[in-house]
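User: I have a model open and would like to go through its pockets and one of its helices. Could you explain the reasoning behind each description?

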Amino acid sequence: MARVVVDVMLKPEILDPQGQAVQRALPRLGFDGISDVRQGKRFELELDGPADEAALARVRELAETFLANTVIEDFTVRVENGPASGNEPAAETVQAAS
Amino acid sequence: MTARIGVITFPGSLDDRDTRRAIRLAGAEPVALWHRDKDLKGVDAVVLPGGFSYGDYLRAGAISRFSPVMETVIGEARAGLPVLGICNGFQVLTETHLLPGAMLRNNHLHFICREQQLRVENADTAWTADYTAGQEIRIPLKNVDGRYVADERTLDMLEAEGRVAFRYLGMNPNGSLRDIAGITNEAGNVVGLMPHPEHAVEPLVGTGGTDGLGFFTSILKKLVNA
């Protein structure tokens, strides 16, 4: 049993009006010093078995084909309390280092 | 002998009946298709109607894309079957990658429902042959996820290949890049757009005009003359 977390975020170049709306509300609510907000999705997947490399490969396939639309979104896959991997450049570095 | 045009009903489709009615008014035979049924009943063309299939959960069109009927539609569309996606149907077509790019929340975050002026940019597709290139039409627009996006390279390719089929005129209602309201695939058999031609086919309802009827007469002529 393991929990795998998939985070999905709009690519940096894609306009995120929902994040902007949140950001614009912050000063009125007394939260200063936050220059940008981007909104994404988090999926928590409970695996029946261990989060081994085969299981993670299946989750990455699931994330790439279904949970994220890679035309507009990046995703990361990580075992809860483990290193991340996905299609984001930073995440790839983490994966290579692990 | 007339053409048989299928209209798929997904859970959450709203405009399937209006679309079947528009097909009948154009002189073709509408055929109701069901999302769980892989069989297309031998239709000559397919329309993916507007609505909120599967509640737009995850992303608009993301779950419909994996429905049994779409497995068949995707294969047949690649083989040349004419497919028109209207609004939610356009979102399904981008999720299947039959059409490039993606649809996102309107830049102003509001649902919008209005009459929309469009320019028909490409009158050579299976669904636009009854229009002339440059023709201006007015049909209803109603959506919240209507912002068309694609990377610059894709946008340049679409423009260079004449695959921007419709452009918004007057105001850009949702922040779509380059005012794109609809596009076509390379072969011209798969077309998607956000506004609703099926709501502008008779004087009594919708815009009171019939500017949308040309979509359905275009495909009928193509199929009957084929």
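User: What makes a residue of the second largest pocket's lining count as nonpolar, polar or charged, and how do they divide?

Analyst: Happy to help! In this predicted model, the lining of the second largest pocket divides into 6 nonpolar, 2 polar and 5 charged residues. Among the residues nearest its centre are B:Ala150 and B:Leu177, along with A:Glu13 and B:Asp151. Ala and Leu count as nonpolar and Asp and Glu as charged, so these four fall into those two classes.

User: How many residues line this pocket, and how much space lies in it?

Analyst: It is lined by 13 residues, and about 260 Å³ of space lies in it.

User: And what makes up the lining of the largest pocket?

Analyst: About 480 Å³ of space lies there. Of its 28 lining residues, A:Gln18, A:Lys41, B:Leu58, B:Leu104 and B:Arg105 are the closest to the centre. From chain A, β1, α1 and β2 each supply at least two residues of the lining, as do α3 and β5 of chain B. By class, the lining has 12 nonpolar, 7 polar and 9 charged residues.

User: How do you know that the buried residues of α2(B) are on the same side?

Analyst: The buried ones are B:Val69, B:Met70, B:Val73, B:Ile74 and B:Ala77; buried means under 20% relative accessible area. They cover an arc of only 130° around the axis, so they lie on the same side of α2(B). Residues three or four places apart point the same way because an α-helix has 3.6 residues a turn.

User: What do they pack against?

Analyst: Their partners in chain B are β1, β2, β3, β4, α3 and β11.

Technical notes. Residues are numbered from 1 along each chain as its sequence is written. Chains are lettered from A and ligands numbered from 1 in the order in which they are written. This is a predicted model: local features need pLDDT of at least 70, side-chain atom pairs count only at pLDDT 80 or more; totals for chains, interfaces and linings use all residues. Side-chain values use heavy atoms; hydrogens and water are left out. On a 1 Å grid over the protein atoms alone, a cavity is a set of points where a 1.4 Å probe fits but cannot get out, and a pocket is an open set with protein on both sides within 12 Å along at least five of seven lines; lining residues have an atom within 4 Å of a point. Grid points are joined across faces, edges and corners, and a volume is the space filled by probe spheres set on the points. Helices (H or I, at least four residues) and strands (E, at least two) are DSSP runs, numbered from the N terminus. Buried means under 20% relative accessible area, exposed over 50%, partly exposed in between (1.4 Å probe, protein chains only). The arc is that of the directions from the helix axis to the C-beta atoms. Contact means heavy atoms within 4.5 Å.
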